[in-house]
Amino acid sequence: MLNPRPAVMWFARRMEDVLRRNDYKGTWAESTVEALLWKLHEEVAELHLAVLRGADTGTVVKEAVDVGNMAMMIADVAYQDMKQAQYNGEQESWAKNEWQ
């Protein structure tokens with residue numbers, strides 16, 4: 001098993017903290033990749049503005065975590081779709097040896 005880098009663990013803990021604080025909103029599992037992608041674009045724009053406006057480090061980190069969470073949600077929904085396709089015998093060729 002891989003030992004995640006300290007920076008990855010630090011970032012992942014912040015991502016999880018934000019996810020837990022937003023649990024009341026429900027899960028992203030029922031969202032589509034397309035809907036989540038629109039939200040990712042919004043989060044990237046917020047991060048972009050924070051950096052351009054010289055926001056404090058905490059704000060930049062918060063916005064980066066939001067971007068990370070949206071990207072993770074997209075990956076999770078896509079991965080679940082891929083697993084369902086494999087179950088249905090519709091596995092795409094690129095997925096045959098990846099992410100298992």
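Q: At what relative accessibility does Glu63 count as buried?
A: Glu63 counts as buried, where buried means under 20% relative accessible area, exposed over 50%, and partly exposed in between (1.4 Å probe, protein chains only). Keep in mind that this is a predicted model: local features need pLDDT of at least 70, side-chain atom pairs count only at pLDDT 80 or more, and totals for chains, interfaces and linings use all residues. Residues are numbered from 1 along each chain as its sequence is written, and side-chain values use heavy atoms, with hydrogens and water left out. The relative accessibility of Glu63 comes to 10%.

Q: Which side chain meets Glu63 in a salt bridge?
A: A salt bridge here is a side-chain nitrogen of Lys or Arg within 4 Å of a carboxyl oxygen of Asp or Glu. For Glu63, the N to O distance is 3.7 Å. The partner counts as partly exposed at 43% relative accessibility. That partner is Lys62.

Q: Which residues do salt bridges that share partners join into one network?
A: Shared partners link salt bridges into one network of Lys39, Glu42 and Glu43. In the pair of Lys39 and Glu42, the closest N and O atoms are 3.6 Å apart. Both ends are partly exposed, with relative accessible areas of 32% for Lys39 and 43% for Glu42. To spell the network out once more, its members are Lys39, Glu42 and Glu43.

Q: Lys39 and Glu42 are separated by about one helical turn in which helix?
A: Helices here are DSSP runs (H or I, at least four residues) and strands are E runs of at least two, numbered from the N terminus. Lys39 and Glu42 sit three residues apart in one such helix, so about one helical turn separates them. That helix spans residues 33-52 and is H2.

Q: What is the N to O distance in the salt bridge of Asp17 and Arg21?
A: Generally speaking, side chains of opposite charge can pair when their charged atoms come close. Asp17 and Arg21 are about one helical turn apart because they are four residues apart in helix H1 (residues 6-21). Asp17 is partly exposed at 40% relative accessibility, while Arg21 is exposed, with 52%. Their N to O distance is 3.0 Å.

Q: How many salt bridges does the structure hold?
A: The pairs discussed above include Asp17 with Arg21 and Glu63 with Lys62. The count for the structure is six.

Q: Which residues of H1 are buried?
A: H1 has 16 residues and reaches 23 Å from its first C-alpha to its last, close to the expected 22 Å (1.5 Å times one less than its number of residues). On the other side of the helix, Pro6, Arg20 and Arg21 are exposed. The buried residues are Met15, Val18 and Leu19.

Q: Within what arc do the buried residues of H1 fall, seen down its axis?
A: The arc is taken from the directions from the helix axis to the C-beta atoms. The buried residues line one face of H1, because they fall within an arc of 100°.

Q: Which residues is Asn69 in contact with, leaving aside its neighbours within four places in sequence?
A: Asn69 lies in helix H3 (residues 57-87) and is buried, with a relative accessible area of 3%. Contact means heavy atoms within 4.5 Å. With those sequence neighbours set aside, the partners are Met15, Val18 and Leu19.

Q: How many residues make up the largest nonpolar core?
A: A nonpolar core is a set of buried Ala, Val, Leu, Ile, Met, Phe, Trp, Tyr and Cys residues joined through side-chain atoms within 4.5 Å. Here the largest one takes in Leu19, Leu36, Leu40, Val67, Met70, Met73, Ile74 and Val77. H2 and H3 are the elements that give two or more residues to this core. The total is eight.

Q: The largest share of this core comes from which element?
A: Five core residues come from one element, and this is the largest share. That element is H3.

Q: How far apart in space are Ala71 and Glu43, C-alpha to C-alpha?
A: Ala71 is in helix H3 and is partly exposed at 36% relative accessibility. In sequence, Ala71 and Glu43 are 28 residues apart. In space, C-alpha to C-alpha, the distance is 9.9 Å.
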